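Hi,

Here is the structure I promised to pass on. Have a look at it first, and then read my notes underneath.

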Amino acid sequence: MAAAAAGSDVVTIRLPSPSEDDPLRHDKKKILESRKLPCLFPLPLSSSAADACKLLDQMIHAARVAHMDELELYFAGDDGYGPFSTRNELESLNLLLKIINTLLVTANDRAKGVLQVLEDEIVVRLRSVGLTDNDQMVLQTQNHDTEDSLLKWGEHHGVKSKLQISFFEGAGRGMVASENIGVGDIALEIPESLIISEKLLCQSDMFLALKDLNSITTETMLLLWSMRERHTPSSKFRMFFETLPSNFNTGLSFGIDALAALEGTLLFDELMQARQHLHQQYDELCPVLCTKFPEIFKQDIFTWDNFLWACELWYSNSMMVVLSSGKLTTCLIPVAGLMNHSVSPHILNYGRIDQATKSLKFPLSRPCEAGSQCFLSYGKHSGSHLITFYGFLPREDNPYDVIPLDLDTSIDEEDGTDQPVSTSLTTHMVRGTWLSRSEGPPMYGLPQPLLSHLRATLNCDHDESLPEADIKENDRMVLETLISIFTPMLEGLGDADDYNRESVSWDVALALSYKDLKRRIISSIVTSCTSGLAMLDS
């Protein structure tokens, strides 16, 4: 728990230490110690604005480490002090803002002056996060009376919103701020009574028919419930279902041509497995239910097409919410599902019902100006996951777009030297080297755990006590090995100009965009290795 102690001449700002429950606690503590970053920061009340901001830099560095996830730890290496990702930066700055705001409540006049300097600077930095978002989506002039009706329906049932619906080229529907919304302000508030969850399911006759089936999950029951509710004219949620698209256009609906374009990629395998699983689930459930409970499960409603539609609805629109009962469950949130995802979201932390208001609130983690699109985070997902379950690729660089490597990691576990060759992770991966700040030796824009693994495997550790010629020769072996791994991958993706992009269908276009992304990542690896070899030869 963050806390602070105030004295006559100094205020001490305490950042929370890595939690005992954090599986990455050991790695984080190691980084904090190696970079001499404390959790206690004494701030003299006489500090100038410049000195206060210097101390803030140190606090931000420590907060970034505290909020690192597995991927950020893997790719951090010797990457200074960050920022490591937009998510990490927003988490870190919002933690510090919360601590400073808490201190301001009880601070004396002298302390308030220097604390206000910190608060103002944090807000300035939050404003600088994701400034290019609005340039990436162009507003479309399109009739949205149907969507406006949904908002009015929501407001009638208690929804409070500072957002309105707009359409964007290439992204469809989204929500823009109807006024300036600051950090911590609530952009959207949904009453718990309007949330579609298992509570509604348990009140239906369908639940009585399904509850004794051993193999069925609550999520699958909700999916079946939504198939029927969509076609129930008297449903309380009729307006919500009527405003949903007739086709969600996710990867689960890819046609033969799109799948053919993806053949040989990991996404192809993921889509085929997911589709096979859904077909099997439908075949095992719906025909039997239609026969056993024909009044509840009508054959004309419980078709394969409607089942797939409901699957895509729940995959692309559901959220995990802690209800007022304290139970974490999968829910549909009318209106909130209209917000688009971004790697640089405005809304990052949500998902718990406010016990006082019995509503789900969506507070901003960074400011959103009137007329700007307000983005939500769907989670830390790769492009392949977003295509499969949501039907899009992020327009920004996504730090979670990685390529896993099928390497023998036994060397990581058996290595007995003092210098470990990996973190607590046991797998290796790469991502676009444009995300790295370490272009030259010994990193060459590549992740340190992967390089350490290869150096140990090839018995060519980067030992600075060795003669320079030996170090260069060892690095050359590693870089040449990586080129031998990634060049065939690049060739296997084929030529980017194999298709006439202007005439292809939506699914083929999305499949080709995914291949372009993989091609760009792998090309960056090969280019970085080739550049590294040139450095060694110079």
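**What I found**

Lys358 has a positive phi near 50°, and it sits in the hairpin formed by β11 and β12, where 4 residues lie between the strands. Before you go further, keep in mind that this is a predicted model.

**The sheet around that hairpin**

The hairpin strands belong to an open sheet of 4 strands, ordered β5-β8-β12-β11 and paired in the antiparallel sense. The edge positions go to β5 (160-161) and β11 (353-354), each of which has a single partner strand, so one side of each has no neighbour in the sheet.

Here is how the strands are joined, going across the sheet:

- β5 pairs with β8 (residues 186-191) through 2 antiparallel bridges, and Ser161 has Leu188 of β8 as its bridge partner.
- β8 pairs with β12 (residues 359-363) through 5 bridges, again antiparallel; here Ile186 is matched with Pro363 in β12.
- β11 and β12 are antiparallel too, with 2 bridges, and Asp354 is bridged to Ser359 of β12.

As a general reminder, strands in a sheet pair through backbone hydrogen bonds, in either a parallel or an antiparallel way.

**Another strand pair, near the start of the numbering**

Strand β2 (residues 10-14) and β3 run antiparallel and are joined by 5 bridges. One of the matched pairs is Val11 with Leu43 of β3. If you colour β3 (residues 40-44) by burial, you should see the side chains alternate: Phe41 and Leu43 are buried and point to one face, whereas Leu40, Pro42 and Pro44 point to the other face and are not buried.

**Helix α4**

How far apart should the ends of α4 be? With 21 residues (86-106) at 1.5 Å a residue, the helix should span 30 Å, and its end C-alpha atoms are 31 Å apart, which agrees. Most of α4 is covered, with 15 of its 21 residues buried.

Asn94 is a residue of α4 worth clicking on. Its C-alpha atom is separated by 6.6 Å from that of Ser365, although the two residues are 271 residues apart along the chain. Leaving out residues up to four places away in sequence, Asn94 touches Leu126, Val183, Leu364 and Ser365.

**Phe75**

A similar long-range case is Phe75, which lies in helix α3 (residues 70-76). Is Phe75 buried or exposed? Its relative accessibility is 13%, and buried means under 20%, so Phe75 counts as buried. Phe75 and Gln448 are 373 residues apart in sequence, but their C-alpha atoms are 7.0 Å apart in space. Again leaving out residues up to four places away in sequence, Phe75 touches Val402, Met429, Val430, Arg431 and Pro447.

**Two helix pairs**

Two packed helices can be described by the angle and the distance between their axes, and I looked at two pairs that way.

For α2 (residues 49-66) and α5 (residues 109-127), the axes come within 10 Å and cross at roughly 60°. The two helices are therefore oblique to each other, and α2 passes α5 in a right-handed crossing. On the α2 side the contact is made by Ala49, Ala52, Cys53, Leu56, Asp57, Met59 and Ile60, and on the α5 side by Val114, Val117, Leu118, Glu121, Ile122 and Arg125.

For α18 (residues 468-492) and α19 (residues 506-537), the angle is about 155° and the axes are 9 Å apart. That makes α18 and α19 roughly antiparallel to each other, with a left-handed crossing. Among the residues of α18 that meet α19 are Lys472, Asp475, Leu479, Leu482, Phe486 and Leu490. Their counterparts in α19 include Arg519, Ile522, Val526, Cys529, Leu533 and Asp537.

**More on α18**

The 25 residues of α18 reach 36 Å from first C-alpha to last, close to the 36 Å expected at 1.5 Å a residue. Its buried residues are Ile471, Asn474, Asp475, Arg476, Val478, Leu479, Leu482, Ile483 and Phe486. What covers these buried residues includes α19, along with β13 (403-405), β14 (428-430) and α17 (448-457). Just after α18 comes Gly494, which takes a positive phi of about 75°.

Cheers

Conventions:
Residues are numbered from 1 along each chain as its sequence is written. This is a predicted model: local features need pLDDT of at least 70, side-chain atom pairs count only at pLDDT 80 or more; totals for chains, interfaces and linings use all residues. Side-chain values use heavy atoms; hydrogens and water are left out. The expected span of a helix is 1.5 Å times one less than its number of residues. Buried means under 20% relative accessible area, exposed over 50%, partly exposed in between (1.4 Å probe, protein chains only). Two strands pair if DSSP finds at least two bridges between them. Axes are lines fitted to C-alpha atoms, for helices over the stretch in contact, and angles run from 0 to 180 degrees between N-to-C directions. Angles under 35 degrees count as roughly parallel, over 145 as roughly antiparallel, 65 to 115 as roughly perpendicular and the rest as oblique. A crossing is left-handed if the near helix is turned anticlockwise from the far one by less than a right angle, and right-handed if clockwise. Contact means heavy atoms within 4.5 Å.
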